[in-house]
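Work through the exercises below with the sequence and the model side by side. Each one sets a task and then solves it step by step.

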Amino acid sequence: VIVNRSNSHPPAAADLLLTGAAGFVGCHVLFSWLRTRPHSRACCIVRGSSARARLLAAMREAALDAGEPFEPDGELAQRVTVVSADLLALGQREQDALEAWASKASAIEVVHCAADLSFASEDRERVWQSNVVATERLLGVVTRLARVRALNQVTTAYVSGTRCGVVHESDESRPQSFNNVYEESKWETERIVRRTLGAAGVPW
């Protein structure tokens, strides 16, 4: 993540709803977002009973990579709300927590970083659940929240399977085959995002 601090036009104010925040990409997105938007808040959906501790440890690593200080009880950390939940098992309590956080936002941008990166065929069911089904569940949450300005999904360049030649981003036809389940799952999540958010009028 490259932050241009000489930019005289700071990013438009919006709060961040983030998945995969304890991962390598997610924690850097979170740290950069908070660092460049001093009045924005973030809400992170993180799995596990020690969700906040894991997130703070990841933020510390992102800060070290950026050459910046980080205090676990400092101002940046105080702007982060952690919802301890698995996207595959979001209950009413977690939904209520997300809606309570969202009710205080003037605008929300969603960044979906969470994913299972396995290429192994024996992991097919787990990858499909983690990537495809979890994305469907997230979109169900997003389309119920007010003031969502956009959703950005971290996917992969390798969604064209075994196709050859020039493949345009606007080409939504399904490849005849894929090299692995990860590629296939990411093609499917892109299709779901286009279909669901297009119908809901939410940019992606």
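**Exercise 1. Find why the sulfur of cysteine 27 forms no bond with the closest cysteine sulfur.**

Solution. The closest cysteine sulfur to that of cysteine 27 belongs to cysteine 113 and is 9.4 Å away, too far for a bond. A disulfide is taken here as a pair of cysteine sulfur atoms within 2.5 Å. Next, take cysteine 43: its sulfur has its closest cysteine sulfur in cysteine 44, at 6.7 Å, which is also too far for a bond. Finally, a search of the whole structure gives zero disulfides.

The structure is a predicted model, in which local features need pLDDT of at least 70 and side-chain atom pairs count only at pLDDT 80 or more, while totals for chains, interfaces and linings use all residues. Residues are numbered from 1 along each chain as its sequence is written, and side-chain values use heavy atoms, with hydrogens and water left out.

**Exercise 2. Decide whether cysteine 27 and cysteine 43 are buried or exposed.**

Solution. Buried means under 20% relative accessible area, exposed over 50%, and partly exposed in between, with a 1.4 Å probe and protein chains only. Cysteine 27 has 4% relative accessibility, so it counts as buried. Cysteine 43 has 0%, so it is buried too.

**Exercise 3. Check the length of helix 5 against its number of residues.**

Solution. Helices are DSSP runs (H or I, at least four residues) and strands likewise (E, at least two), numbered from the N terminus. The expected span is 1.5 Å times one less than the number of residues. For the 19 residues of helix 5 this gives 27 Å, and the end C-alpha atoms are 26 Å apart, which agrees. Among the buried residues of helix 5 are Val127, Asn131, Ala134 and Leu138.

**Exercise 4. Describe the lining of the largest pocket.**

Solution. On a 1 Å grid over the protein atoms alone, a pocket is an open set of points where a 1.4 Å probe fits, with protein on both sides within 12 Å along at least five of seven lines; lining residues have an atom within 4 Å of a point. The largest pocket has 28 lining residues, and Gly20, Arg47, Cys113, Ala114 and Ala115 lie nearest its centre. Helix 1 (24-36), strand 2 (42-46), helix 5 (124-142) and helix 6 (181-200) each supply at least two residues of this lining.
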